[in-house]
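Take a walk through this fold, from the overall count of elements down to single residues. Keep the sequence and the 3D view side by side.

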Amino acid sequence: MLDQALAPSTWQGMRSVYRRFRLFWHGLSTLSPHLPPAVVVALFVVRLLKAGEIIYSSALTYANSLVSALRRDGIDLRGNIVVTDLRRALRRLGAGRPTKQAWPADAETVKQCVLQTACRRTAMVVLLAWRAGARVGDVVRLRTRDVEFMPGGVKLTFWESKSDPFHKGTFTSASLSEGETEELRAYMQAWGSDEKPLAVSTARVTAALKAVDPRLSCHSLRRGALTLLLRRGTDLEGIKALSRHATTTALLRYLPCAELASVEEAGRVSTLLRF
């Protein structure tokens, strides 16, 4: 089924739209049973744009996610001329070029948030997302068995991640103090291996962050962590290994280019950011 084709976080915030896509396709099939899937994808995205439900900068994400889901369901649209033309048209209209990035969090703000948050589960999600440079949506889906305690921190295995649409599993680590490690260990021991002890809504995490700084959002943790690594002199490959970005180009959208660790990397960035 299409709704099982992608990791849940890929459709986080899009699930209602995805259900409508299936209904839309079903409705078109009754009128034209042999309508190509690529045309259905294009018609659906255009309909959302005309209704004002999405903007051009996010339309390409919707189209690409639908294409990925269809490929997992045995319908490969790679190289399809309709999809290619749709992507080209959306890029001309500004898709794929975000106009606003999340405001990056800093260490002091995160510490203040963790200390002030009454819900310890929310506080642990904030701490892990910050230390691992991970998406909050990925952290809240971690099961007990996905958190492996090591000296100086934890190893996290993400099975339901936007970075891993084929569910092969991606890994990262988070450095924790001895006290933080023991607190997390004590909390996790009360849960079964297949349960999700960190499951909390992203709205609650956002509210906790905004209580400290109104400019922050869930993604501020990830962007702030990666920016901090850059300022400390970590090279791009090291940051990419932690962030689990598929390409360096995608990673660079998170980072302030003026603060790159070396002139050599700054030149590399200017090349990679060309469209």
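How many helices and strands make up the secondary structure of the protein chain? The chain has 13 helices and three strands. Keep in mind that this is a predicted model. Of its 275 residues, 43% count as buried. Contacts also reach along the sequence. Among those between residues at least 6 apart, 62% join residues at least 24 apart.

Start with the strands. Strand β1 covers residues 147–150, and strand β2 covers residues 153–158. The two run antiparallel and are joined by four bridges. One register point to find is Val 147, whose bridge partner in β2 is Leu 156. Two residues sit between the strands of this hairpin. Look there for Gly 152, which takes a positive phi near 85 degrees.

Now move on to strand β3, residues 170–175. β3 pairs with β2, again in the antiparallel sense, over six bridges. Here Gly 153 of β2 has Ser 175 of β3 as its bridge partner. Next, look at the side chains. In a regular strand they alternate between the two faces of the sheet. In β3, the covered face holds Thr 170, Thr 172 and Ala 174. Phe 171, Ser 173 and Ser 175 lie on the uncovered face.

Turn to the helices. Thr 206 lies in helix α9, which spans residues 202–210. Is Thr 206 buried or exposed? Its relative accessible area is 19%, and the cut-off for buried is under 20%, so Thr 206 counts as buried. Which residues does Thr 206 touch, leaving aside its neighbours within four places in sequence? Its contacts are Leu 216, Ser 217 and Cys 218.

Cys 218 also opens the next stop, since helix α10 runs over residues 218–231. Helix α11 follows at residues 236–243. The axes of α10 and α11 come within 10 Å and cross at roughly 155 degrees. Angles over 145 degrees count as roughly antiparallel, so α10 is roughly antiparallel to α11. Their crossing is right-handed. Which residues make this contact? From α10 come Arg 222, Leu 226, Leu 229 and Leu 230. From α11 come Ile 239, Leu 242 and Ser 243. By class, the contact has five nonpolar residues, one polar and one charged.

Conventions. Residues numbered from 1 in each chain as written. Predicted model: local features only at pLDDT ≥ 70, side-chain atom pairs only at ≥ 80, totals over all residues. Heavy atoms only, no water. Axes fitted to C-alpha atoms, helices over the stretch in contact; angles between N-to-C directions. Parallel < 35°, antiparallel > 145°, perpendicular 65-115°, else oblique. Left-handed = near helix turned anticlockwise from the far one by under 90°. Contact = heavy atoms within 4.5 Å. Nonpolar A, V, L, I, M, F, W, Y, C, P; charged D, E, K, R; others polar. Pairing = 2+ DSSP bridges. Buried < 20%, exposed > 50% of the residue type's maximum accessible area, 1.4 Å probe, protein only.
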